[in-house]
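This briefing goes through charged side chains, one sheet and the aromatic rings. Please have the sequence and the model open while reading.

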Amino acid sequence: MMPMRRIGLWVAALAMTGTLWGQGLPVSPLSGRYHLHHLLVVHAGGVFQDLRSAYGIATFDGNGSFTFAGQQKVGAGAETNFTASGTYSVNLNGAVTLSNPQRAGAQLSARLGRGMLVGSSVELGANTYDLLVAVPVPEGLTQAAVSGEFSLAGVEFVTAAAPVSRATFFSLRPSAATQSVSVLGQASNLGTRPVSQAITGVTVSVNADGSGGVLFPLAAGATAGTALLSGQHALAVGAGANVVLLSTRAPGAHGLLVGVKVDPGATVASLQDLYMTAGLQVNGSRPNAHSGSANVAGGVMTLARRVRTPEGPVDFSGVNRFSLDTDGRGFLELNRMAFGGSRTAFVASGVSTTDANNYELIVGVRALTETPPATGPSISRYGVVNAASFAPLGNPVSPGGFVSLFGTRLARALTVAAGLPFPTTLGGVQVLINDVASPLYFVSPSQISVLVPYATPAGTARVVAVVDGVRSPEVQVRVAATAPGVFSLPQTGYGAGAILKSDFTVVSNTNRARRGDVVLVYLTGLGAVTPPVPDGAASLLTVLSNVNASVNVYVGGVRARVLFKGIAPGFAGLYQLNVEIPQGAPGGASVPLAIETPEAFHDQVDIAIAP
């Protein structure tokens with residue numbers, strides 16, 4: 001075991017300087033009529049076992065019950081009238097639990113944002129993946145009012161003797177009754193590169209309630225089997241005319257497309273907010289669906305997703321980079337994407353020049369604006385995050401881990417704990433997690449650093465700040481056995497990781513690790529340890545406290561050998577991994593370093609490795 005020296009002070013300083021972008025708070029319950037479109041896929045071993053799609057009107061009563069009336073297709077069948085009913089609940093942070101309209105007894109994990117509800121049944125049984133998108137029904141809408149150009153992304157899966165998957169990205173003008181459309185896309189029967197098809201004579205109709213239809217004739221030279229987009233589609237325009245939804249109506253074809261109004265003001269520099277997200281991906285034998293959120297700033301999305309994988313649900317935290325042209329369209333990593341609707345929403349498609357086997361649709365909607373109370377302490381409803389990764393809403397916290405609380409009037413002034421063990425009252429401030437006073441590292445008017453007590457059970461925890469005897473409103477956060485987050489040198493949660501060589505020098509571009517080196521990775525959120533450590537107390541220098549959970553580390557996608565996993569000796573809440581850089585790891589200034597536990601996969605930091 002290698003000693004740590006004074007790394008703890010340095011890492012603790014990183015925990016004090018993170019920024020929470022885009023705080024928001026839904027201020028009214030989910031109620032009224034929504035256009036709801038839902039696509040459900042059962043897929044295993046590279047084969048579709050079931051396909052279901054539905055669209056229509058969902059009516060939310062504001063008291064936890066809803067009804068749905070519309071059309072449904074199952075497998076190779078045609079549309080039939082379809083009704084459903086269920087229950088729902090809305091958390092103050094915008095998290096929605098909703099009965100799955102097409103799978104009795106199942107629950108959707110959804111997110112409520114500005115003018116859109118998105119979600120997926122991430123806890124559903126094995127091999128089932130879905131995506132739900134809903135927008136408020138407008139009143140008195142005219143087709144001319146749906147002005148401007150919209151960027152659409154979509155997926156479609158066709159049940160046939162030879163099943164076909166498609167991903168598309170294109171523009172549409174809903175206000176034009178007749179128009180031509182150029183569709184970029186890829187299909188499982190069209191080779192390994194994206195193709196472009198020109199469609200003429202596209203017709204659009206819009207009714208006063210936002211419902212309508214779009215008819216795509218066959219592109220020149222295409223057949224029903226080779227067309228990227230064809231036939232009648234049900235159209236829904238959301239209130240505000242910033243988002244449109246399309247569902248394929250042809251028998252046996254199950255497609256969902258989402259569009260956002262083109263916004264020239266949507267630039268990388270202008271985008272700095274929290275977005276609620278959901279997505280569906282079918283990629284060979286590894287499909288997935290997810291629900292979560294993304295902090296967007298400076299061309300980077302810091303992601304927190306609850307992901308349904310073939311093995312089961314997992315918590316994913318990671319980073320995607322994006323670039324945009326002057327019209328708000330661009331790329332999310334290698335995939336096509338567009339921000340629009342006055343920057344209230346974005347869509348991303350699996351269309352990519354490097355991965356023609358990716359059929360994916362991601363939808364994001366901007367979180368609603370939070371208005372904190374005029375007096376007294378207040379924790380942002382989105383402001384309980386891992387102190388190392390700053391992964392946003394949806395990412396859980398874990399027992400024994402450092403957590404940052406963001407808010408207003410959380411303390412009179414900055415006060416830092418004098419030493420270990422950390423106190424449970426500091427500067428007149430307490431933080432109660434499930435009514436348990438929790439150890440505090442520092443408090444300040446806008447941010448608190450606190451340790452989650454080891455006895456906090458998995459599930460949902462209640463978090464309250466008490467400042468000079470005045471309690472803040474309660475905020476709820478999900479708790480998991482592990483929720484890893486690696487500290488980063490830029491203090492953003494991503495970029496170069498807080499990693500030392502065995503000589504205790506910082507790994508950097510000018511001091512790269514080499515294959516075969518053992519490096520020390522500093523993080524939080526690895527959960528319970530043996531022997532146990534009292535809450536807020538330093539771990540022993542003479543007896544190592546090892547993490548109970550299994551931990552895997554991947555360097556450039558190559559699994560590395562973990563020589564030690566435990567609490568950093570002499571510290572509280574700070575975990576340490578001693579990792580041997582694998583011989584097969586790639587070289588480079590920014591090689592991804594990822595952490596895997598039974599509950600989570602964390603992929604936000606990099607390590608510099610010599611060629």
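**Salt bridges, one sheet and aromatic pairs**

Arg249 and Glu79 form a salt bridge through their side chains, with an N to O distance of 2.9 Å. Arg249 belongs to the loop between strand S15 (243–248) and strand S16 (253–261), and Glu79 to the loop between strand S3 (65–74) and strand S4 (80–90), so this pair ties together parts that are 170 residues apart in sequence. The model is predicted, and side-chain atom pairs count only at pLDDT 80 or more.

**Salt bridges**

- The count of salt bridges comes to 16.
- With a relative accessibility of 35%, Arg249 counts as partly exposed.
- Glu149 and Arg329 form another salt bridge, in which the closest N and O atoms are 3.5 Å apart. This pair also links distant parts of the chain: Glu149 is in the loop between strand S8 (128–136) and strand S9 (150–158), Arg329 is in strand S21 (residues 329–332), and the two are 180 residues apart.
- The partners differ in class, because Glu149 is partly exposed at 33% relative accessibility, whereas Arg329 is buried at 14%.
- One network, joined by salt bridges that share partners, contains Glu123, Arg306, Asp315 and Arg478.
- A salt bridge also connects the side chains of Arg52 and Asp50, at 2.8 Å from N to O. Arg52 is partly exposed, with a relative accessible area of 22%, while Asp50 has 18% and is buried. The two values fall on either side of the 20% cut-off under which a residue counts as buried.

**A buried lysine without a salt bridge**

- Lys501 is located in the loop between strand S37 (499–500) and strand S38 (518–524).
- Which side chain of opposite charge is nearest to Lys501, and how far away is it? The nearest is Asp517, at 4.8 Å; Lys501 is buried and has no salt bridge. A salt bridge requires the nitrogen to be within 4 Å of a carboxyl oxygen.
- Apart from neighbours within four places in sequence, the contacts of Lys501 are Val507, Asn511, Arg512, Ala513, Asp517, Val518 and Leu520.

**An open antiparallel sheet**

- Five strands make up an open sheet in the order S25-S26-S31-S30-S27, and their pairing is antiparallel.
- The edges are strand S25 (378–386) and strand S27 (415–416); each has a single partner strand, so one side of each is left without a neighbour in the sheet.
- Within this order, strand S30 (residues 440–443) pairs with strand S31 (residues 447–451) over 3 bridges in the antiparallel sense.
- Phe442 is placed opposite Ser449 in S31.

**Aromatic pairs**

- The structure contains 17 aromatic pairs.
- In the pair of Phe60 and Tyr88, the ring centres are 5.1 Å apart and the planes are at 85°, so the pair is edge-to-face. Phe60 is in strand S2 (residues 47–61) and Tyr88 in strand S4, so the pair ties together parts that are 28 residues apart in sequence.
- Both rings belong to buried residues: Phe60 has a relative accessible area of 2%, and Tyr88 has a relative accessibility of 9%.
- Phe339 and Phe346 have ring centres 5.1 Å apart and planes at 45°, so this pair is tilted. Phe339 and Phe346 are buried as well.
- One aromatic cluster is formed by Tyr34, Phe60, Phe66 and Tyr88.

How values were computed
Residues are numbered from 1 along each chain as its sequence is written. This is a predicted model: local features need pLDDT of at least 70, side-chain atom pairs count only at pLDDT 80 or more; totals for chains, interfaces and linings use all residues. Side-chain values use heavy atoms; hydrogens and water are left out. Buried means under 20% relative accessible area, exposed over 50%, partly exposed in between (1.4 Å probe, protein chains only). Helices (H or I, at least four residues) and strands (E, at least two) are DSSP runs, numbered from the N terminus. Lys and Arg count as positive and Asp and Glu as negative; His and the chain ends are not counted. Contact means heavy atoms within 4.5 Å. Two strands pair if DSSP finds at least two bridges between them. Rings of Phe, Tyr and Trp (its six-membered ring) pair if their centres lie within 6.5 Å; planes under 30 degrees apart count as stacked, over 60 as edge-to-face and the rest as tilted.
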